[in-house]
Amino acid sequence: MKFKLNVWRQANEKSAGGFEKYDIDGITNDHSFLEMLDVLNEKLIVTGKEPVVFDHDCREGICGSCSLVVNGHVHGPQEAATTCQLHMRKFTDGEEITVEPWRAGAFPVIRDLAVDRSAFDRIIQAGGYVSVRTGAAPDANSILVGKDVADRAMDAAACIGCGACVAACPNASAMLFTAAKVRHLNLLPQGQPEKDKRTIRMVTQMDAEGFGACTNHLECEAACPKSISTDFIGELNRDLASAMLRARADRSFTGG
Amino acid sequence: MRIADKREPTEYEACMSTRALSLTHTTIGKKMVMAISGLVLFGFVIGHMLGNLQIFLGPDAINGYSHTLHSTPILLWGARSTLLVAIVAHAVTAIGLVRLNRAARPVAYVSKKDVATDYAAKTMFLSGITIALYVVYHLAHLTYGVTKGLGYQHLPVDKNNWPDVYHNVVHSFQVPWCTAVYVLAQLALSMHLYHGAWSLFQSLGLNHERYNETIRSSAVAVAMAVCVGFLAVPIAVFFGVVK
Ligand code: HEM
Ligand code: FES
């Protein structure tokens, strides 16, 4: 198969960047999209040009490293899949393919198609954990978790933190990511002691990073490689309102 | 025993110790302001629509209704002040959020395609501004009667000394451009509600897997009902059904 590629190239965060055109040949049905870019890079390297920088790690759809907006689709035209799981058989021979990085002020371009997603790490640092006492491992099943709760928490925990929700959102909002991470722990018994604190801290960190606000377009859920439900966003809204009301009440008790 | 936490004081501690941080400082809280003020305006819109439909009962019904409202200052000014607070909160918060959302994506996509959203959701700000401009004209036109002479008459009172709403409405909607303005504004309002009337449930966290579909379809039904209910009057007058 042959393709005409239109790839975003940008030397660093500060420089302007623009599209470069490349013709690529000798691609088969079995090449993944990232392998196709590997082939392109090998060609660029032998001709003494700079290879295209893009993020990837596991290449099996579980780490959340890969990204790319392919022909206008976040993670490419395949539903509920990451770019590393996309194969060239999804394209027609000779097709023109445009490749752009995630676009968000909170995700600055590092180089070419790689963006800095450490804003997500800072949201996790703000409260995406549970504090436990170290020591001997607790007995199994000493904390009982209902099956329905465990399933819901698992649905939220499926988030791999790739940033597709931000990339797809018309407002570059990180609500689906934050909602999944907050709700995953807020649902479980282990997450209860720090529930309010977690909710408030993760939301305020999300805002401080400069992501947009949710206007319920539902683009995030459609783009999410793990199909995480926007129901979690409503639940986060609920958790935040009640956490803030309780914080206010506590403050008036302590006279703060 | 409390284990000392050596990290920087956080937003949470700031929130606990001062009044610096409150719900409305967060983007989620701002969306709740949009939702609650939107809900108040939405309630008004339904009431106003039902009021308007009394035109089909003849001049005495609608003029008498207007007279009752105007002779009950508590009702009139209670409603007006609630609406004023709601519209100011709604508009000011909307402008803030729109600016924030635009700033969140400084470099636009070249190729990005939307796959889930719809036209109504994408044009909320536009439909909102259309409604705001229309409200200014609407108040000048029928409430204060200051636009008379633009092709239609405005009479302050009827034979009972009640506001002559019936006459003013009928005269106005016999003028094609005036009918067109009202029809366009109503379409903008219906589109705003098509998205807003379900979006507000999500913003307030009143969502559940089991009820989401019902909420979505009810919002569409209500948006359609508001569209038909408001358009009935200008259309009926324009085609001579009410004269
Ligand atoms: C001053 C004129 C107005 C402006 C500038 C305006 C603007 C907006 C904007 C930008 C949004 C957020 C859009 C989104 O979430 O996607 C919104 C939401 C909404 N608006 Fe308006 N609007 C106006 C008037 C109205 C009126 C008259 C009503 C009532 C009929 C109304 C009802 C709503 C509702 C129910 C929402 C949904 C709130 C939510 O998403 O949680 N708006 N408006
Ligand atoms: S490279 Fe790990 S998810 Fe794609």
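In this predicted model, a convenient place to begin is His192(B), which is buried, with a relative accessible area of 15%. His90(B) is likewise buried, at a relative accessible area of 16%, and because the limit for calling a residue buried is under 20% relative accessible area, both of these histidines fall within that class.

The two residues come together at the metal of ligand 1, where the iron atom is coordinated by the NE2 atoms of His90(B) and His192(B), at 2.0 Å. Along the chain this pair links distant parts, since His90(B) belongs to helix α4 of chain B and His192(B) to helix α8 of chain B, with their positions 102 residues apart. What geometry does the site of the iron atom of ligand 1 have? With 6 donor atoms and angles among them of 86 to 179 degrees, the site is octahedral. For comparison, six octahedral donors ideally give angles of 90 or 180 degrees at a metal.

The same histidines also appear when polar atoms of the ligand are considered: an N or O atom in the side chain of His90(B) is 2.8 Å from a nitrogen atom of ligand 1, and a polar side-chain atom of His192(B) lies 2.8 Å from a nitrogen atom of the ligand. Ser199(B) contributes a polar side-chain atom that lies 2.6 Å from an oxygen atom of ligand 1. The elements that give two or more residues to the shell around the ligand are α2 (27-52), α4 (73-103), α6 (124-143) and α8 (176-203), which belong to chain B. Of these, α8(B) gives the most, with 8 residues.

Taken as a whole, the surroundings of ligand 1 comprise 24 residues, the closest being Lys31(B), His90(B), His192(B), Ser199(B) and Ser203(B). By class, the shell has 14 nonpolar, 9 polar and 1 charged residues. Residues from chains A and B surround the ligand, so the site is shared between chains.

The cysteines can be considered next. A search of the whole structure finds 0 disulfides over all chains. Cys159(A) is in no disulfide, the nearest cysteine sulfur being that of Cys165(A), 6.4 Å away, and at 15% relative accessibility Cys159(A) counts as buried. In chain B, Cys227(B) is in no disulfide either, and the nearest cysteine sulfur, that of Cys178(B), is 17 Å away. Cys227(B) is also buried, with a relative accessible area of 16%. Because a disulfide requires two cysteine sulfur atoms within 2.5 Å, the separations of 6.4 Å for Cys159(A) and 17 Å for Cys227(B) leave both outside that limit.

Terms used
Residues are numbered from 1 along each chain as its sequence is written. Chains are lettered from A and ligands numbered from 1 in the order in which they are written. This is a predicted model: local features need pLDDT of at least 70, side-chain atom pairs count only at pLDDT 80 or more; totals for chains, interfaces and linings use all residues. Side-chain values use heavy atoms; hydrogens and water are left out. A residue is near a molecule or strand if one of its heavy atoms lies within 4 Å of it. A polar contact is a pair of N or O atoms within 3.5 Å; within protein, one must be able to donate a hydrogen and the other to accept it, and residues adjacent in sequence count only if both atoms are side-chain atoms. Helices (H or I, at least four residues) and strands (E, at least two) are DSSP runs, numbered from the N terminus. Ala, Val, Leu, Ile, Met, Phe, Trp, Tyr, Cys and Pro count as nonpolar, Asp, Glu, Lys and Arg as charged, and the others, Gly among them, as polar. Donors are N, O and S atoms within 2.8 Å of the metal (3.2 Å for Na, K and Ca); water is not among the atoms, so sites may look incomplete. Four donors count as tetrahedral if all angles lie between 85 and 135 degrees; four count as square planar and six as octahedral if opposite donors are over 155 degrees apart and all others between 65 and 115; anything else is irregular. Buried means under 20% relative accessible area, exposed over 50%, partly exposed in between (1.4 Å probe, protein chains only).
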